[in-house]
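This report goes through one protein chain, from single side-chain contacts up to helices and the core. The sequence and the structure come first.

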Amino acid sequence: MTPKGSRDFFAGLLFIALGIAFAWGATAYSFGDAAAPGPGYFPFGLGVLLALLGGMVLFKSLSIESEGGQPVGPIAWRPLLAIVLAVVGFGLGLHRLGLLLTVTGVGFGVSFAGREARLWEALLLGLGLALFSWAVFVAGLGLPLPVWPSPVSTWWPH
């Protein structure tokens with residue numbers, strides 16, 4: 001059987017692989033039962049659902065003809081790198097730079113995933129996201145997130 005839509009074919013394979021990986025990883029945690037689910041219950045269920053969704057997408061790609069076969073295009077490196085660097089930057093910066101500076105930087109950086117980004121718009125996006133994040137997570141929910149940068153001496157473990 002040859003795929004009639006290669007985008008759906010590869011997406012289905014990816015969903016199946018990720019679903020199986022998450023379900024398998026969840027088996028390291030206790031499941032509990034339906035009345036008192038353990039920490040592995042929810043990720044296992046999501047992994048199974050993702051694998052089933054991947055199976056449906058894969059089946060569709062093998063059975064339904066797509067116009068032009070929907071070839072997989074070239075990898076969009078710019079948005080991929082911008083998003084990955086933003087996630088890494090958020091993880092590394094939150095406890096060192098605080099919520100406001102980290103989210104401003106992440107919003108600023110992610111806006112350059114597209115080619116039409118402008119400097120002032122990117123800065124306004126970052127500042128807006130930072131203020132929104134502070135309002136929701138710190139002021140609204142009361143989460144104990146560092147809002148301002150911590151002293152440089154606490155950035156690296158001793």
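Which backbone oxygen does the side chain of Ser61 reach? In this predicted model, the side chain of Ser61 comes to 2.7 Å from the backbone oxygen of Leu58. Ser61 lies in helix α2, which covers residues 41–63. With a relative accessible area of 1%, Ser61 is buried, because buried means a value under 20%.

**Overall make-up**

The protein chain contains four helices and zero strands. Read from the N terminus, the order of its elements is α-α-α-α. The chain has 158 residues, and 24% of them count as buried. When contacts between residues at least 6 apart in sequence are taken, 65% join residues at least 24 apart.

**Helices α1 and α2**

Helix α2 has 23 residues and reaches 33 Å from its first C-alpha to its last, close to the 33 Å expected at 1.5 Å a residue. Its buried residues are Gly47, Ala51, Gly54, Val57, Leu58, Ser61 and Leu62. These buried residues pack against α1. A general point helps in reading such a list: an α-helix has 3.6 residues a turn, so residues three or four places apart point the same way.

Helix α1 runs over residues 6–26 and includes Gly25. Gly25 counts as partly exposed, at 38% relative accessibility. Between the C-alpha atoms of Gly25 and Pro43 the separation is 8.4 Å, and the two residues are 18 residues apart along the chain.

**Salt bridges**

How many salt bridges does a search of the whole structure find? The search finds two. As general background, side chains of opposite charge can pair when their charged atoms come close. The pairs are listed here with their N to O distances and the relative accessible area of each partner.

| Pair | N to O distance | Acidic partner | Basic partner |
|---|---|---|---|
| Asp8 and Lys60 | 2.7 Å | Asp8, 17%, buried | Lys60, 37%, partly exposed |
| Arg118 and Glu121 | 3.2 Å | Glu121, 45%, partly exposed | Arg118, 56%, exposed |

In the salt bridge of Asp8 with Lys60, the closest N and O atoms are 2.7 Å apart. This pair links distant parts of the chain, with Asp8 in helix α1 and Lys60 in helix α2, 52 residues apart. Asp8 is classed as buried at 17%, because the limit for that class is under 20%. Lys60, at 37%, is partly exposed. In the other pair, the side chains of Arg118 and Glu121 meet at 3.2 Å. Arg118 is exposed, with a relative accessible area of 56%, since exposed means over 50%. Glu121, at 45%, is partly exposed.

**Helix α3 and its bend**

What does helix α3 span between its end C-alpha atoms? Helix α3, residues 77–110, spans only 13 Å, where a straight helix of 34 residues would span 50 Å at 1.5 Å a residue. A bend of about 130° is found in α3 at Gly98. Gly98 is also one of the buried residues of this helix, which include Ala82, Ala86, Gly93, Leu94, Leu99 and Gly107. The cover over the buried residues of α3 includes α4 (119–140).

Thr102 is found in helix α3 and counts as buried at 5% relative accessibility. The side chain of Thr102 reaches the backbone oxygen of Gly93 at 3.0 Å. Leaving out residues up to four places away in sequence, Thr102 touches Gly89, Phe90, Gly93, Leu94 and Leu97.

**The nonpolar core**

Which residues make up the largest nonpolar core? It consists of seven residues: Leu94, Leu99, Leu100, Val103, Ala130, Val138 and Val147. Two or more residues of this core come from each of α3 and α4. The largest share, four residues, is given by α3. In general, nonpolar side chains tend to be buried together in soluble globular proteins.

Val103 is one of the core residues. Apart from neighbours within four places in sequence, Val103 is in contact with Phe90, Gly126, Leu129, Ala130 and Ser133. Among these, Ala130 is also listed in the core.

Note on methods
Residues numbered from 1 in each chain as written. Predicted model: local features only at pLDDT ≥ 70, side-chain atom pairs only at ≥ 80, totals over all residues. Heavy atoms only, no water. Buried < 20%, exposed > 50% of the residue type's maximum accessible area, 1.4 Å probe, protein only. Polar contact = N/O pair within 3.5 Å; in protein donor to acceptor, adjacent residues only side chain to side chain. Expected span 1.5 Å × (residues − 1). Bend = angle between axes of the 7 residues up to and from the residue. Contact = heavy atoms within 4.5 Å. Salt bridge = Lys/Arg side-chain N within 4 Å of Asp/Glu carboxyl O. Core = buried A, V, L, I, M, F, W, Y, C linked by side-chain atoms within 4.5 Å.
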